[in-house]
Amino acid sequence: MSDAFVLESAEAIGRSVLSRERSAGDVARTFLDRMDRTAEQLRTYLHRDREQTLAMASAVDARIARGERLTPLAGVPVALKDNLCTRCVPTTCGSKILEGYLPPYDAHVVERLREAGAVFTGKTNCDEFAMGSSTENSAYFPTKNPWDLERVPGGSSGGSAASVAAGEAPLALGSDTGGSVRQPAAFCGVFGLKPTYGAVSRYGLVAFASSLDQIGPIARTARDTALLYNVICGRDERDMTSRAEAAAVPLEDLERGVSGLRLGIPRDLIGEGVDPEILASLDRVAKALAKKGAEILDVSLPHARYSIATYYLIAPAEASSNLARYDGVRYGFRAKTDDLQAMYAVTRGRGFGREVRRRILLGTYALSAGYYDAYYLRAMKVRTLIRRDFEQALTRADAILLPTTPTPPFKIGEKVDDPLAMYLNDIFSVPASLAGVPALSFPAGMTKANLPIGLQLVGRPFEEATLLRVARTWESENADAARVPRLLSERRS
Amino acid sequence: MSATGPATESTAGAGARQDRYETVVGLEVHAQLRTESKIFCGCSTKFGARPNTQVCPVCLGLPGVLPVLNERAVRFAVMTGLAVGAKVAERSVFARKNYFYPDLPKGYQISQYDRPLCTGGGIDIRSGGGWKRIGLVRIHLEEDAGKSLHPEGREGVTTTRVDLNRSGVPLIEIVSEPDIRSGTEAYDYLIRLKQILMYLDVCDGNMEEGSLRCDANVSVRLKGQAAFGTKAEIKNMNSFRNVERAIAFETDRQIRIVESGGRVAQETLLWNADKGIAETMRSKEEAHDYRYFPEPDLLTLDLDPAWVEAVRSELPELPHQIRDRLTRDFGIPEYDAEVLTETRSLATYYEEVARRSGNPKLASNWIMTEVNGIRNKEGQSIEEFPIRPDRLGDLIKMIATERISGKIGKQVFEMMLTRPEGPDELVKAHGLLPIDDEGSLRALAREVIAANPGPAAEVRAGKERTFAFLVGQAMKQSRGRAHPEKIQEALRKELGAG
């Protein structure tokens, strides 16, 4: 079977399945075959089951044959980050502590995708419990960046982003707590949307930091990003923080251009330490959008520079509580010990990796009696200030344009022993997470070394459509063949 | 550790020394709310099911699940707050209380911390001859944990098993001010609190099934001293009587420590009901740091004041309100009213009997002595008591209107316990109607005089005291049916005639 259409858009693939030009089964087989050739190089998946994928595809074909009305995602392969619960399919969150764990239920987004007729390619690799920016914190193995196998794909949703970039699946779901969808999307040269907090139900997303976690789509086009977002967004009774305001984005809205839109650039935040090629790309994109009728202006986010400090109090605090359930009592790994306290200590000491243990310790400390006011409570106050910064900036501008990351993808192993350097890679993605506003990373060209550059658009709550529209405007004139990782295209059989 | 043992020394002077101190007690009561489903998921709350059969991913704390607040639980908690005069917060906040325990599946309990649902209010208890108000600090909503069981496994090794059916059952925690001064007051407080909860029908009040649980904070201080002593927390008291006993024990223990020049340690004690002592569970150093923080998976709990007012307007009548009404409308003593309002259904029962009988005080006497006598003996609730209130009302009316005597009334009452007939039918069928016509009474008098010639002669000779004997004989002869005044008249007439 040829790889002819693996780099087609999800939209085109879905259309061809709905029109019975191809069967969902054929589509699935083509992607599975390709994955067989790429998986070893990239190590994108923690769990794949060819038979299950094919069974899902033939079920879709049967539904189509029965005349069921399916969505534009019918028969479209979708990769799922391994922190999304899938009924009776391993869900480990990249952790040893959940090795062999089979959830008895589907996450809300998984349910929605099943109804829509999507076909799951498998569970993608990620940093353990989504804690990390390189996928090197996976307890199983690191994933490679398809553009340069010596580099990280970003993280924590590195498996999902790499899989989409490499054409193993046209769509993937990731989760974003401080940039975990956007940063790997930028590193892998694909689109990654972190929806408004509350736009997508978190039911069945294994929690890292509950007040920040959002599930988001990863795709190779703006329209595909919208397509996947449209299936997963909206109110779910099982998540009290999910909101009815989250509405599907009409695809035609993406084609309306940027004329009259005001785009703010937060020069005070961007400051020093940003790769010059990324800064050049920012200027290039701003100019191109200005030419299309957008108004470019400066905005200020004065408190955003405290984002990393704030984030690394709030997220670990919530994580220390969210991860308390992995105690060896009911499921997952349990160390053999003589008494209860030892069982807790050894189970968690061995079951969790270094970064997870580090964050649990940080969070436990931040919430401790006597420290709560100085750390957690103070961080929550700063968070409010950051949210206000965005509110104000977004009264002047319709969207904010800034880099997704300060650097292009770094080398595997480069930052593993320097957690602070790793944390600082999230400086541009964390502010929108703290503010709860939507943010989209879109591919904005390549460096001279042929590494992807991602830029970020941040918008008002529930105005995902605006972000997708701006990115679509840029994409419609600048999408090029460079978006296919050469390493892989060269090896195509 | 000698100070923790029960008093053994000669206590000749102990009473006097004890009198110089007062106990300061605050109670924390956990009450399970009788909602159909759990507080954060749809699982049943029914007690007694096979272990781990009323569970779902949410109350099992599986990865990825989220809590969804049960509105009914909020309503029940608000009802309780309103019933005790607490202030219901327009905005309250759920918080996570973090600690590890095998029966706590998420590693934290969702509770409320610095912004509880209700604050203030109080409960009136009996103290001395009057009433005393025990203030409330707060009432907050939280979820229950599961239960750990420790069956003995192979080779005598104790194993631990966890039943999570109870995990996520809604609880309210009711925290009193340290206004309680004795085990007796604590007992009365608990009785009255339970009574309110049951009138509201928000808790079944069953301590054996754990629907109601109580911890006590106990300290002592010299009378007149303003500062509190160091408190100890006592847990694991499984009945109100045990709370009373534990407080008495702990008071005595602390006074003896202070008297012997020691210092009371801040610690948590477990009440051992079999031994009648409280034993150290953990010291202050071992106390948990619960690391409370606002629960990010739930929104703040914002209550519309109009909704709260609607809940208030739908509150049922409360024990003290009914008590006041009964004393006012029926003119019965406060004591009676209190006994009769023990449960809502007893009060309803009484009201019907009182109305039907036309004699509320007599109705009260009958229920407090006869009905409650039987119920206590048989362990029956008023619902289980075999005589329905209309029938009892009819019986009491017969007594009140002197159609039958009280004594006959009791015979009829005994029959009614096992028979379906009403009092009127029973009286007729068993020939129990009183003898009050002149002819029959005169005949009865003649019989008695004839059968007791000696006493009759004595009466005629002027020995008045023997007359009572003859009356007694007449009553006995008639099995109590003779009209008590009229038979005396008849006897006088017959004695005079003889």
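Here are some questions and answers about how the parts of this predicted model fit together.

User: How many residues does chain A bring to the contact with chain B?
Analyst: Let's start with the area, since chain A and chain B bury about 2,800 Å² between them. Carbon and sulfur atoms account for 61% of that. On the chain B side the contact takes 32 residues, and on the chain A side 38 residues.

User: Which residues form the salt bridge between chain A and chain B?
Analyst: The rule finds one salt bridge across this interface. Its N and O atoms are 3.0 Å apart, within the 4 Å cut-off. The two side chains that meet there belong to Arg202(A) and Asp297(B).

User: Which helix gives the most to the side of chain A that touches chain B?
Analyst: There are 18 residue pairs in polar contact between the two chains. Now look at the elements of chain A giving two or more residues to that side: they are helix H10 (307-322), helix H11 (340-351) and helix H12 (354-367). With four residues, the top giver is H10(A).

User: How many nonpolar residues are on the side of chain A that touches chain B?
Analyst: Sort that side by class and you get eight polar and nine charged residues. The remaining class to name is the nonpolar one, and its count is 21.

User: How far apart in sequence are the parts that Asp201(B) and Arg34(B) tie together?
Analyst: These two form a salt bridge, with the closest N and O atoms 2.9 Å apart. Asp201(B) sits in the loop between helix H4 (183-200) and strand E12 (212-222) of chain B, while Arg34(B) sits in the loop between strand E1 (21-32) and helix H2 (57-60) of chain B. So the pair links parts of the chain separated in sequence by 167 residues.

User: Is Glu250(B) buried or exposed?
Analyst: Its side chain meets that of Arg253(B) in a salt bridge (2.8 Å, N to O). The two are three residues apart in helix H5 (residues 240-259) of chain B, so about one helical turn separates them. Arg253(B) has 3% relative accessibility and counts as buried. Glu250(B) has a relative accessible area of 0%, and because anything under 20% gets that label, Glu250(B) is buried.

User: In the pair Lys235(B) and Glu233(B), which residue is buried?
Analyst: The pair forms a salt bridge, its closest N and O atoms being 3.6 Å apart. Lys235(B) has 21% relative accessibility and counts as partly exposed. At 16%, the buried one is Glu233(B).

User: How far apart are the C-alpha centres of domain 1 and domain 2 of chain B?
Analyst: Chain B is divided into domain 1 (19-305), domain 2 (317-429) and domain 3 (438-497). Eight residues of domain 1 of chain B touch 12 residues of domain 2 of chain B. The C-alpha centres of these two domains lie apart by 37 Å.

User: Which residues of domain 1 of chain B lose the most area to domain 2 of chain B?
Analyst: The area buried between these two domains is about 800 Å², with 51% from carbon and sulfur atoms. Three residues together make up 65% of what the domain 1 side buries. They are Trp131(B), Gln195(B) and Tyr199(B).

User: How many salt bridges are there between domain 1 and domain 2 of chain B?
Analyst: Across this interface there are also eight residue pairs in polar contact. Glu334(B) and Arg126(B) meet in a salt bridge at 3.2 Å, N to O. The salt bridge count between domain 1 of chain B and domain 2 of chain B is three.

Terms used:
Residues numbered from 1 in each chain as written. Chains lettered and ligands numbered in written order. Predicted model: local features only at pLDDT ≥ 70, side-chain atom pairs only at ≥ 80, totals over all residues. Heavy atoms only, no water. Contact = heavy atoms within 4.5 Å. Buried area = accessible area lost by both parts, 1.4 Å probe. Polar contact = N/O pair within 3.5 Å; in protein donor to acceptor, adjacent residues only side chain to side chain. Nonpolar A, V, L, I, M, F, W, Y, C, P; charged D, E, K, R; others polar. Buried < 20%, exposed > 50% of the residue type's maximum accessible area, 1.4 Å probe, protein only. Domains from an automatic or database assignment.
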